[in-house]
Amino acid sequence: MKKLIVFALIGFAAQLVDGSLGMAYGVTSTSLLLLFGIAPAVASASVHMAEVVTTAASGISHLKFGNVDKTVVKKLVIPGSIGAFTGACFLSNLPGDLAKPYIAAFLFVLGIYVLSRFLFGEENRVKSDKKPPSRLLIPLGLVAGFADSTGGGGWGPLSTPILLSRNEMETRKVIGTVDTSEFAIAVSATLGFLISLGPENFHWPWMAALMAGGIIAAPIAAWLVRIIPSRLLGVLVGGLIIVTNAKTLLNSFGWIPVSWHASIYGFLYLVWAGSVALAVRKLIISRKRAFLSQ
């Protein structure tokens with residue numbers, strides 16, 4: 001019973017972060033299952049089954065709060081579903097770990113860009129009303145869906161920063177759109193796992209606990225996205241991308257001594273915290289100026 005409560009709390013925390021920042025549910029939950037000795041394919045399958053429910057709750061909540069661009073969702077779900085189903089069916093035969101360091105390096109650099117753009121750029125800076133083109137969304141959906149199934153998480157970490165970096169959508173709509181479209185990816189991945197693994201390999205009690213926590217957190221996260229300023233959201237997302245991918249990079253490249261890892265993590269978290277503090281300070285100053293100019 002205690003273990004189920006822990007999983008419910010993990011599901012709540014993971015969905016709160018995922019729903020408000022557009023990533024981390026799959027990565028957080030899968031990592032926890034792997035720590036309990038669950039095989040990668042079974043862990044990913046269990047998380048995706050839970051995500052069918054949590055992403056549905058998250059998508060409904062984001063739609064209710066107006067955080068979704070339905071046009072972009074429609075363009076993402078078909079290629080994303082194909083990628084997720086393919087990755088789920090062939091997970092056991094895929095050398096997914098070989099590509100992880102290179103994807104992590106790309107996302108680490110992208111995270112620095114996202115953080116710096118929202119920290120030092122103009123708030124709510126959107127180029128135009130032009131939507132991301134299909135030539136970007138189709139391959140992005142395929143790759144992100146495939147990575148999501150094979151790695152137990154990847155839809156948000158890939159889709160959110162790439163869409164943010166283009167300056168074509170509001171931050172809250174990028175997060176809400178990615179979270180809403182993830183429902184189709186979770187369904188497709190789960191179908192693939194059911195075919196390739198069979199329902200007997202799913203950890204049903206753990207999934208139920210993850211679902212329960214995620215359902216409770218979904219509307220809270222969607223509401224937070226609605227009220228948190230874009231500058232602060234962008235800094236939070238950028239920092240999360242940096243610190244999560246730093247772990248993959250440090251574990252993949254052996255030329256950095258393990259004894260240095262804690263110091264590097266500490267430095268990155270310190271930079272992230274300082275960036276958040278600076279973003280809050282800039283927001284306070286801008287609000288004061290707007291108030292005085294009235």
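Guide: Helices are DSSP runs of H or I with at least four residues, strands are runs of E with at least two, and both are numbered from the N terminus. The model here is a predicted one.

Visitor: How many helices and strands does the protein chain have?
Guide: Start at the N terminus and read along the elements: α-α-α-α-α-α-α-α-α-α-α. Each symbol in that run is a helix. The count for the protein chain is zero strands and eleven helices.

Visitor: What share of the residues in the protein chain is buried?
Guide: A residue counts as buried when its relative accessible area is under 20%. The protein chain has 294 residues, and the buried share is 50%.

Visitor: How many residues of helix H7 are buried?
Guide: Helix H7 runs over residues 155-165 and is mostly covered. Its buried residues include Trp-155 and Gly-156 at one end and Leu-164 and Ser-165 at the other. Pro-157 and Pro-161 are also among them. Of the eleven residues in H7, the buried ones number eleven.

Visitor: Which residue just after H7 has a positive phi?
Guide: Step past the end of H7. There the phi angle is about 60 degrees, and the residue that takes it is Asn-167.

Visitor: How far does helix H9 reach from its first C-alpha to its last?
Guide: H9 covers residues 204-227, which is 24 residues. At 1.5 Å a residue, the expected reach is 34 Å. The reach in the model is close to that, at 35 Å.

Visitor: Where in H9 does the kink lie?
Guide: Look for a proline in H9, Pro-219. The kink comes shortly before this proline and is about 35 degrees. H9 has several buried residues, among them Gly-213, Gly-214 and Ala-218. The kink sits at another buried residue of H9, namely Ala-217.

Visitor: What does the UniProt entry call residues 204-225?
Guide: In the model, this span is 100% helix and 0% strand. Its end C-alpha atoms are 31 Å apart. The UniProt entry is unreviewed, and its annotation for these residues is "transmembrane region".

Visitor: How far apart are the end C-alpha atoms of residues 262-280?
Guide: UniProt gives this span the "transmembrane region" annotation too. The model shows it as 100% helix and 0% strand. Its end C-alpha atoms are separated by 27 Å.

Visitor: Which helix gives the most to the nonpolar patch?
Guide: The patch covers about 430 Å² of surface and is made by Ile-78, Ile-82, Ile-138, Leu-142 and Val-143. Two helices give two or more residues each: H4 (70-89) and H6 (134-151). Val-143 belongs to H6 and is partly exposed, at 47% relative accessible area. With three residues, the top contributor is H6.

Visitor: Which side chain meets Glu-170 in a salt bridge?
Guide: Side chains of opposite charge can pair when their charged atoms come close. The count here is one salt bridge, with 3.4 Å from N to O. Glu-170 is partly exposed, at 36% relative accessibility. Its partner is buried, at 16%, and is Arg-172.

Visitor: How far apart are the C-alpha atoms of Phe-106 and Asn-245?
Guide: Phe-106 sits in helix H5, residues 96-120. Phe-106 is partly exposed because its relative accessibility is 44%. Along the chain, Asn-245 is 139 residues away from Phe-106. In space, their C-alpha atoms are separated by 9.1 Å.

Terms used: Residues are numbered from 1 along each chain as its sequence is written. This is a predicted model: local features need pLDDT of at least 70, side-chain atom pairs count only at pLDDT 80 or more; totals for chains, interfaces and linings use all residues. Side-chain values use heavy atoms; hydrogens and water are left out. The expected span of a helix is 1.5 Å times one less than its number of residues. The bend at a residue is the angle between axes fitted to the seven residues ending there and the seven starting there. Buried means under 20% relative accessible area, exposed over 50%, partly exposed in between (1.4 Å probe, protein chains only). UniProt positions are given in the numbering used here, feature names are shortened, and annotations may be inferred rather than shown by experiment. Patches are made of residues with over 30% relative accessible area and no salt bridge: like charges are joined within 9 Å, nonpolar side chains (Val, Leu, Ile, Met, Phe, Trp, Tyr) within 5 Å. Accessible areas come from the Shrake-Rupley method with a 1.4 Å probe; for residues, only the protein chains shown count as cover. A salt bridge is a side-chain nitrogen of Lys or Arg within 4 Å of a carboxyl oxygen of Asp or Glu.
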